[in-house]
Amino acid sequence: MATLPDGWEARFNPETNSTYYVDHNTRTTHWELPGAATVASSASTGSASMRPDGRPSPPDVPPGWEARWDATYARYYFFNLVSLESVWELPLAAALPPGWEERHDPSSGQPYYVDHKSQATHWSMPPEAYAATQSRPQPQNLPAYAGSTYTGAATGAATAHPPAADAAANEEARALIASALGNLREAVERGDSTGAALFVNRIEQELEPLERRDGGQAAYAADIRAQIGELQVRLQEVGYQAEFTRVSNTLQQLVGELEAAVASQAVEDADARAAAARALIDSSRDSLSQSMEGRDLLAAHSSRVDELLSALANVKKLTRYSRIIGDDLAALRAAVNRADEADAARARTHAVDTLQQLRDELGSGQPPPQVTQFYEATEAMLVELDAQLETVVLAAKVLDAAAAVDTTSAALASAATALDEPAFTAAATRLRSQLEAMGRLVADAPPSSSDVLSHVQAVSDGWALLEREEARFAEHMREARMAELRGNVEALQANCNAWASAGDFDFVEPAKRQIVQELVRNYQLFADMDDGQRYIDDLLLWVGRVDAAAAAAKLGVSLPPLNPGAHPSVPSASFPPVTAATAPSTPAASSAPPFASSPAPASGMPSADPGLDAAAAALPPGWEARRDPSSSRLFYVNHRDRTTSWTPPQA
């Protein structure tokens, strides 16, 4: 157990169940073991050495402290080189803040401190390191001193400084005040109001006993206090400038980040930066509004934040409308891909209307650059999709036209094969119209279209097909007409021969006249037959023989029979009637050249069959009256639909 110094006593407090110490010399109580007792305890174990003057060696102290010997009380007390405070208890070791280092001056051995962050050196330790030495926890309710009539408060710290000679004490106090004043100036220039207050307190702690010991120190104390007052004013200036710089730098950073967020349309980041800038401006009004410079700073940044918030509102509108217009453009693109003009028109109209709504909300002023870029990009996209739609729709129309041409071409070929003149004429007319329409579509197609050449070739092939089919159909119709004419003429010849052989010349003359009429109307068809000219010559010779036989009969002269044998019966299937399947329509008489070598009946001559002539005169265009040789009945031929009838048509 440690040996207590003279005048000390250990006592037990039953309320706290702990030991405390009574210093009868100073009439104070303490929870901790006195420093001298620690030294004595160490000396008793042989760990402490004695000085030649008989006093023990000073204990180790933390940086910034110094152990001093008090001869009156024969013990060490401890002096803080920073705070200029003296205490009896051995102080705790202080931990330097991060980035600080303690070193010793080689010339004086005095410790100094290095701040590696600011690359500065100081004779005094950082205030926070000193404050750590003052934070030793102490038990509460320390018993008051009860060994005498002293009734001072029991605080656990020494209530009196160790005595010293007045002159020496005054000199030492002045030195400590000067050192603390230097530390105060450093704290002021750093803007460290906490440290400055600590050093002012330490100076006052030295000034008060100095003034009590020596009344002549009043002027000195007044001068020191005046310097402290000046330094406090300077501290306010430095603090204001530091606050101004801090607020200015922070606002510049926040506004810069807000500008970047607005430019990149980062809405959430922009809202956060704007809120932070607003909060800083509001919180700094009291501290910075005392100067014009501070007011201008806050006003300028507040105005800039308002501008950026307005731009941010436009960005939010742009974001909302761009999402809607983006959906419209996607719908338009889908409609273009499927060549749906109706859906494309609806999507395009909605996109244009939405874009106009955005313009109306943003007003007539100059829009922000990103809004202008959005306008231009949207309008360019609409133009591009319009062009794509036109190309796609045109291509679809061309394909539809090509399919229609193929269908009609097949129908045309089928009608030509079947010699179906109405169907062929309708198909040819329809195909011609389709080819003209397809040609116009292909002409409107852009030259860059990959299918334009194939479509041009398809149109050309369609016209060639129409020309071939029309030529083939015309040839088939000509051949059918020639077969019909030849069959009709041969049937009439057979009847004439039979009537002439039987002497029935009243029936011969109408049949002969009908043969001549057929020859005149269709001379070119007869001429185009194989050996056509010889056939015509033979037919004329036959007509001459018929006329000769008729004349001889009138004169009573007998000529060799034209067709010896019995009177033949003419089948009705050969002539009449004319059927649609075997007898195509007869071309108009104007299509054949006049037959100059065949004499026409003399005008004004009485008709061989007045009843036939009267029936023919009452017929509408395209009809013909004929007499059936077998029954001598009149029948009627409709050359338009290739049918025959026993009853005359209604006029």
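What is the order of the 3 strands in the open sheet that holds S4, S5 and S6? Here are some friendly notes to read beside the structure, starting with the answer to that question. Please keep in mind that this is a predicted model.

1. **The open sheet.** The strands are ordered S4-S5-S6, and their pairing is antiparallel. The edges of this sheet are taken by strand S4 (65-70) and strand S6 (86-87). Each of these has a single partner strand, so one side of each has no neighbour in the sheet. Try finding residues 65-70 and 86-87 in the picture and looking for that open side.

2. **How S5 meets S6.** Strand S5 covers residues 75-80, and 2 bridges join it to S6 in the antiparallel sense. To see one pairing for yourself, look for Phe 79, whose bridge partner in S6 is Ser 86.

3. **The whole chain.** Now step back for a moment. The chain has 16 helices and 12 strands. It contains 651 residues, and 37% of them are buried. Its exposed surface comes to about 35100 Å², with carbon and sulfur atoms supplying 54% of that area. Among the contacts with a separation of 6 or more, 58% are between residues 24 or more positions apart.

4. **S7, S8 and S9.** Strand S7 (residues 100-104) pairs with S8 over 5 bridges, in the antiparallel sense. S8 is also joined to strand S9 (residues 120-122), by 3 antiparallel bridges. Tyr 113 is a handy residue to follow here: Glu 102 stands opposite Tyr 113 in S8, and in S9 the bridge partner of Tyr 113 is His 122.

5. **The surroundings of S8.** Why is strand S8 described as largely enclosed by the rest of the structure? Strand S8 spans residues 111-115, and 4 of its 5 residues are buried, so the rest of the structure largely encloses it. S8 and S9 also form a hairpin, with 4 residues between the two strands. In that turn, Gln 119 has a positive phi of about 55°.

6. **A helix to check by arithmetic.** Helix H10 runs over residues 369-417, which is 49 residues. At 1.5 Å a residue, H10 should span 72 Å. Its end C-alpha atoms are 72 Å apart, which agrees with the expected span. As general background, an α-helix has 3.6 residues a turn, so residues three or four places apart point the same way.

7. **Two loop residues with positive phi.** Just after H10 comes Leu 419, with a positive phi of about 50°. Leu 419 sits in the loop between H10 and H11 and is partly exposed, at a relative accessible area of 36%. Ala 339 also has a positive phi, of about 55°, although it is not a glycine. Its loop lies between helix H8 (292-337) and helix H9 (341-362). At 24% relative accessibility, Ala 339 counts as partly exposed.

8. **Aromatic pairs.** How many aromatic pairs are there? The count comes to 3. One of them is the stacked pair of Phe 424 and Phe 473, with 4.0 Å centre to centre and 10° between the planes. This pair links distant parts of the chain: Phe 424 is in helix H11 (residues 421-444), Phe 473 is in helix H12 (residues 452-501), and they are 49 residues apart.

9. **Buried or exposed?** Consider the two partners of that stacked pair. Phe 424 has a relative accessible area of 5% and is buried. Phe 473 has a relative accessible area of 6% and is buried. Ser 454 lies in helix H12 and, at 42% relative accessibility, counts as partly exposed. Ser 454 and Val 442 are 12 residues apart in sequence, and their C-alpha atoms are 9.8 Å apart in space.

10. **Arginines over rings.** To finish, here are two spots worth zooming in on. Arg 174 lies over the face of Tyr 220, at 3.8 Å from the ring centre. Arg 633 lies over the face of Trp 646, at 4.1 Å from the ring centre.

Notes:
Residues are numbered from 1 along each chain as its sequence is written. This is a predicted model: local features need pLDDT of at least 70, side-chain atom pairs count only at pLDDT 80 or more; totals for chains, interfaces and linings use all residues. Side-chain values use heavy atoms; hydrogens and water are left out. Two strands pair if DSSP finds at least two bridges between them. The expected span of a helix is 1.5 Å times one less than its number of residues. Rings of Phe, Tyr and Trp (its six-membered ring) pair if their centres lie within 6.5 Å; planes under 30 degrees apart count as stacked, over 60 as edge-to-face and the rest as tilted. Buried means under 20% relative accessible area, exposed over 50%, partly exposed in between (1.4 Å probe, protein chains only). A charge sits over a ring if NZ of Lys or CZ of Arg is within 6 Å of the ring centre and within 35 degrees of the ring normal. Contact means heavy atoms within 4.5 Å. Accessible areas come from the Shrake-Rupley method with a 1.4 Å probe; for residues, only the protein chains shown count as cover.
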